[in-house]
Every structure is written in structure tokens, then in C-alpha cells.
Amino acid sequence: MTTLQTIVSIFLASLLTDNYVLSRSLGICPFLGVSKKLDSSLGMGAAVIFVMGCAAAVTWPIYQLLQRLGLEYLKTVAFILIIALFVQLVEIAMKKLLPPLYRALGVYLPLITTNCAVLGVTINNIDDGYGFGLAVWNAVCVGMGFTLALVIFSGVRSRIEAADVPEMFKGVPATLVAAAIVSMSFSAFSGMI
Amino acid sequence: MKERILPTIVLTVICAVVCGLLAAVNGATRERIAQAERDKVQRSLTAVFGEGTYTPAATAPEGVTAVYTNDSGLTIYDITADGYAKGGLRVLVGLDEAGCVASVGIVSCGETAGVGTKVTEPIYLAQFSGAADKNDYPDAISGATFSSRGLAGAVALAQQYAKEVQP
Amino acid sequence: MSGKGYLHEFTKGLLKENPTLVGLLGMCPTLAVTSQAVNALGMGLATMFVLVGSNLVISLLRKVIPATVKLPCYIVIIAGFVTIVDFLLHGFAPELHESLGTFLSLITVNCIILGRAEMFACKNRVLPSILDGLGMGAGFTLSLLAIGSVREILGCSTWMAGTPIAVHLPAGMPQLSIFTSTAGGFMTLGLLIALAGVLTRKKPPAEVGCGACPMAKRCTGCTPEEREARKEGTV
């Protein structure tokens with residue numbers, strides 16, 4: 001597999017065939033919680049792309065260090081602590097230095113610490129043995145896949161709100177069944193790679 | 001002053017204690033985990049190549065985790081191959097004395113469920129049996145191209161080493 | 001606290017405040033590892049172990065941990081317990097360890113655990129905290145087992161395959177493989193929540209919002225309208 005092939009296949013896989021939200025069931029809480037409106041979906045998506053890319057860039061060298069010390073088993077503890085501290089730092093820095101960006105994305109940042117897709121992508125990067133560049137690229141692509149799922153689903157949800165749903169399915173059950181149908185439509189992509 | 005330093009100290013102490021505990025638990029379970037891994041390979045060997053004694057060779061060539069020989073003259077290569085995920089496929093390749101494939105088995109498959117896992121199906125693996133070289137390998141499964149390639153690569157690697165041993 | 005009060009701390013998690021079907025927390029493992037009942041049960045028990053452990057330690061340290069570093073401290077404690085579970089499962093149940101994969105490490109960010117730490121363990125004494133952890137863990141395990149059973153029976157025509165109590169349905173049963181995929185997970189969860197609503201004669205929850213999220217206190221809301229509502233104190 002050449003590097004270019006890898007780059008393209010990572011892109012296609014994280015957007016379509018192996019979408020974190022719709023086929024790996026990661027990051028479901030924000031997917032269901034924030035997808036009500038298109039603009040909030042886009043804001044959350046942008047914040048996730050940013051944090052995922054940075055988290056991958058920060059955790060990759062940390063893992064190399066842990067590996068050198070023979071402490072690989074500390075990776076879960078180290079990664080989540082670093083992600084949590086990093087998100088708080090970004091929040092503080094953004095508030096001071098880039099107030100307009102903070103107004104657009106800042107509100108989503110605290111939600112991201114407990115977004116399992118972020119920790120998931122950093123751990124999968126290690127398990128898949130990516131180098132630094134590919135790890136960051138993979139994280140950014142996964143973030144884009146997350147955004148795609150959110151944006152598509154926000155469109156579906158605005159239709160559900162107008163639809164006449166049976167009483168017992170109103171609310172979350174209808175949302176989940178709609179998510180099932182969106183996820184089913186994405187399973188048609190499997191086989192592309 | 002106290003308000004500024006205390007939180008840092010508490011967090012550091014908690015981190016240190018957690019790390020210390022984990023080191024202790026790691027020490028206590030390390031042997032057990034290694035044993036579990038060995039058992040897993042042993043179970044796969046028995047499942048693919050039948051009951052018998054499998055003697056591990058003292059050394060393994062580069063790219064091969066371990067080499068085993070059994071009573072019926074098979075040489076079995078334990079190879080970790082790259083599928084869609086790097087190192088996602090752990091394969092056992094059994095070669096007979098002539099270097100032809102006797103059978104191929106999968107120890108573990110970290111591939112996407114339902115997609116890359118197609119290569120683990122016995123019907124597909126059976127198509128490798130009797131193959132003398134690359135030309136005899138089955139075609140890649142569509143939708144599991146990377147996994148199929150990784151599997152074929154592992155079989156080719158085993159056959160390459162077998163040829164070097166007995167020219 | 002009276003004996004009845006202690007009992008309540010345990011039983012509330014089973015049905016009334018069930019973290020999965022009522023609280024809608026911890027959705028990722030609920031969908032990801034429930035295609036087989038065995039994996040669902042394993043995930044439930046592993047989470048319960050971490051939940052009881054973290055509730056115990058956080059309740060013990062509740063007067064020591066300063067408010068400013070609460071979140072990082074909790075996360076480190078939880079991740080520590082998760083790594084211990086990881087070691088134990090790898091050594092003693094390697095097959096379960098392999099099928100849970102990354103999701104075992106991801107117990108760390110299961111919002112049920114952080115949520116109970118924030119909402120219960122940091123305010124209560126040790127015994128109630130342990131009971132709360134046991135109850136919530138049991139409620140989570142039962143919901144996962146229910147979802148896993150439905151998906152495995154409909155998707156694979158088996159139940160608890162790979163265990164001594166495995167049940168194989170007659171060969172003629174249709175296998176709806178959609179139930180083993182993520183889409184089937186979403187659907188089963190939706191149907192079970194609707195069923196729970198019918199059985200308890202309550203309306204299903206209106207939405208998975210920030211209300212259920214343990215970060216809600218720090219979050220200012222996701223849309224401008226929500227932010228306004230939050231400021232006015234109506235949410």
C-alpha cells in the first residue's frame with residue numbers, strides 16, 4: 001500500500017465506510033444531543049475536528065515516550081488526562097486571544113472532554129500503528145466523518161419534528177429509529193474499500 | 001498561596017498513587033496475561049491443524065512471530081500481517097514438507113466487523129490449501145481488499161522462508 | 001440514614017433512574033458491544049466494577065480534592081480502575097477482552113461514571129456511594145443484557161453463545177443480520193425505550209439533551225435559544 005493510497009483510504013473509510021458515529025457507535029451522545037439544529041451541528045463538528053487533530057498530535061509523542069519507558073499500560077490514564085487538560089487550556093486561550101472563535105466554538109469544548117470518539121481515535125491511532133502524520137490525518141478525517149453524520153442527521157431530525165409520530169414513539173425512540181435508518185444507508189458504502 | 005498550590009499537589013499525588021497501583025497490578029497480572037496469549041495460540045493451532053504436539057522453534061525469521069513444527073511434518077508460521085489496520089491480522093500458515101500450503105488459520109482479526117472479517121471464513125481460507133506459490137492463491141474478496149492482501153502476503157512470506165530453508 | 005434509605009440508593013438505579021433507558025447515558029457502549037448477549041453482560045459487569053470502585057474512592061477523597069481540579073482527579077481515578085479491569089480481563093477472560101477491544105478503554109469516558117461521581121459520590125458518604133454504584137451498575141448491566149439478548153436472538157438465532165448456558169434456536173428461524181449491525185443497535189434501543197415508556201405508562205424522554213450530560217453544569221448550552229433559556233434559569 002503506498003502512502004497516497006493510505007491517505008485516500010483513511011479519508012474514505014472515516015467518512016463513509018467506517019464512520020465513527022454510524023458504524024462504530026462512537027460519539028453517540030453529542031450525535032443525538034447536538035444534532036437538533038444545522039448550525040449547532042456545524043459548530044460542534046468544527047470543534048471536534050479541531051480537538052481530535054490536536055489530541056492526536058499531542059498523544060502520539062506521549063505514547064512514544066511511554067513506550068520507551070516500558071509503561072504502555074498507562075496510555076488510557078495519560079491520554080484522557082492530557083485530553084482533559086488540553087481542552088481546558090484551549091478554552092482559556094481561545095477566550096483570551098480569539099473571542100470571536102470562542103463565541104462560535106467555545107460552548108462545545110467542555111462537551112468534548114467526555115466525547116468517547118476523541119479518546120477512541122487516539123487509542124485506535126496507536127492500535128493501527130500510524131506514524132505521526134497519518135495519525136493526525138486520521139483524526140481530522142474521523143472528525144470530518146463525525147461532522148458529516150451530524151449534519152445529515154440534523155436534516156433528518158427537522159423532518160421528524162414536522163412528522164406525525166405515534167404517541168409511544170414520540171421523542172427519543174423516533175430519533176433512534178431515524179438514526180438506525182441513516183446508519184443503514186451508510187452501510188451501503190461497505191465494500192468500497 | 002495555598003489555593004494555588006494545593007490543587008496541583010493533590011492532582012499530582014493522585015496521579016502518582018494511580019500510576020504506582022497500576023504498576024503493581026501490571027506486575028501481578030503480567031505472567032497471567034502472557035499465559036493467556038500462549039493458550040490462545042495453542043487453541044488456534046489445535047483448531048486449525050488438529051490435536052498433537054506443537055514444538056516451537058528456537059528462533060523465528062524476521063517478520064514471523066514464531067515457528068512451530070508438529071508430528072505430521074507440518075511447519076507452521078505464526079505471522080502478524082497488516083490488514084486494513086496495521087497488525088490487524090494474526091495468521092497461522094501451515095506448510096507441508098514440499099512447501100505447499102496445508103491449511104491457513106486466523107488467530108485474531110482486528111478488522112472491521114462484517115467487512116474485513118470476510119477473510120476469516122473457512123470457505124475462503126480453504127482455497128489456500130494446496131497452493132504451491134502466489135499464482136495458486138484465491139482472488140481478493142471485494143470489500144475486504146486490504147485484509148485479503150494482508151492474508152496473501154502472510155502466506156507468501158511463509159512460503160518464501162520455507163524455500164530458503166529447503167532449496 | 002435508615003435501612004430503607006440505603007435500600008433506595010441501590011434500587012433507584014434498577015428502574016426508576018435506570019441510566020440507560022431513562023437517563024439515556026453511556027450510549028456508545030450500549031450500542032457498540034450489545035450485538036452478543038455475552039459481550040453486553042461482560043461490558044455491564046466491567047462498567048459496574050469501575051463505577052463501584054470510583055464511587056468508593058471519590059467518596060473517600062471528597063473532602064481532599066479541591067473543586068478546581070475535580071474533573072482531572074476524577075478522570076485519573078476512573079481511568080486507573082479501567083486499566084485494572086483491562087489487565088484482569090486480559091489475563092482471566094482473554095476472549096471477552098478481545099471482543100470488547102477499544103471499548104474497554106473507553107469505559108473511562110462513559111458518562112454514567114463521571115456523572116455519578118459529580119452528582120453523588122462527591123457529596124455522599126462511602127456506604128451510600130457504593131450502593132449507588134452497585135445499583136446504577138446493575139441497572140446498566142440489565143439494560144445492556146436486554147438489548148444484547150434481543151439483538152442476538154433476532155440477529156444470530158442464539159442466546160449467550162459461547163457460554164455453558166448457550167441456547168440455540170431451531171434452525172428454521174430467520175436470522176435478521178441487520179440486528180447485528182450498528183443500525184440494529186439504534187433500532188433495538190429505540191424500541192426498548194418506547195416499550196419501557198408503555199410499561200411504566202410514562203411518556204418516553206423527549207430528547208437526549210445536555211440535561212443528561214454530566215458536563216451540563218459547565219456547558220452554556222448548544223444553541224443561542226438554549227443559552228438564553230439557561231440564563232433565565234428556565235432549564
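This is a short talk on one sheet and two chain interfaces in the structure above.

A word on the source. This is a predicted model. So please hear every number today as computed from a prediction.

Let's start with chain B. Chain B has an open sheet of 5 strands. The order is S1-S2-S3-S4-S5, and the pairing is antiparallel. Which strands stand at the edges? They are S1, residues 54–56, and S5, residues 101–109, of chain B. Each has a single partner strand, so one side of each is left without a neighbour in the sheet. From one strand to the next, the twist averages 25°.

Now look inside the sheet. Take S3 and S4 of chain B, residues 75–81 and residues 89–95. How many bridges pair them? The count is 7, in the antiparallel sense. For a register mark, use B:Ile76, which stands opposite B:Gly94 in S4(B).

There is a helix on this sheet. Helix H3 of chain B, residues 145–165, lies across S3, S4 and S5 of chain B. H3 runs at about 40° to S4(B).

Next, the interface of chain B and chain C. Chain B brings 20 residues to the contact, and chain C brings 21 residues. Together they bury about 1,700 Å². Carbon and sulfur atoms hold 78% of that. Which three residues of chain B supply the most buried area? B:Ile14, B:Leu22 and B:Ile33. They give 26% of the area that chain B buries against chain C, more than any other three residues.

On to the charges here. Chain B and chain C share 2 salt bridges. One of them joins the side chains of B:Arg43 and C:Glu95, at 3.0 Å, N to O. Polar contacts between the two chains come to 4 residue pairs, with both residues at pLDDT 80 or more.

Where on chain B does this side come from? Helix H1, residues 2–49, and S5 of chain B each supply at least two residues. H1(B) gives the most, with 17 residues. By class, the side of chain B that touches chain C has 13 nonpolar, 3 polar and 4 charged residues.

Now chain A against chain C. Here the contact takes 50 residues from chain A and 49 residues from chain C. The buried area is about 4,300 Å². Carbon and sulfur atoms give 75% of it. On the chain A side, A:Thr114, A:Val172 and A:Leu176 supply 13% of the area buried against chain C, more than any other three residues of that chain.

How many salt bridges cross between chain A and chain C? The count is 0. Polar contacts do appear, in 3 residue pairs, both residues at pLDDT 80 or more. Several helices of chain A each supply at least two residues of this side: H2 (28–34), H4, H6 (109–113), H7 and H9 (172–187). H4(A) gives the most, with 8 residues. The classes on the side of chain A that touches chain C are 29 nonpolar, 13 polar and 8 charged.

Last item: salt bridges in the whole structure. The search finds 12 over all chains. One lies within chain A. A:Asp127 pairs with A:Lys75, and their closest N and O atoms are 3.8 Å apart. What does this pair tie together? A:Asp127 lies in H7, residues 116–127, and A:Lys75 lies in H4, residues 75–97, so the bridge links parts that are 52 residues apart in sequence.

To recap. Chain B has its antiparallel sheet with H3 lying across S3, S4 and S5. Chain B meets chain C with 2 salt bridges. Chain A meets chain C with 0.

Key: Residues numbered from 1 in each chain as written. Chains lettered and ligands numbered in written order. Predicted model: local features only at pLDDT ≥ 70, side-chain atom pairs only at ≥ 80, totals over all residues. Heavy atoms only, no water. Pairing = 2+ DSSP bridges. Helix = DSSP H or I, 4+ residues; strand = E, 2+ residues; numbered from the N terminus. Axes fitted to C-alpha atoms, helices over the stretch in contact; angles between N-to-C directions. Contact = heavy atoms within 4.5 Å. Buried area = accessible area lost by both parts, 1.4 Å probe. Salt bridge = Lys/Arg side-chain N within 4 Å of Asp/Glu carboxyl O. Polar contact = N/O pair within 3.5 Å; in protein donor to acceptor, adjacent residues only side chain to side chain. Nonpolar A, V, L, I, M, F, W, Y, C, P; charged D, E, K, R; others polar.
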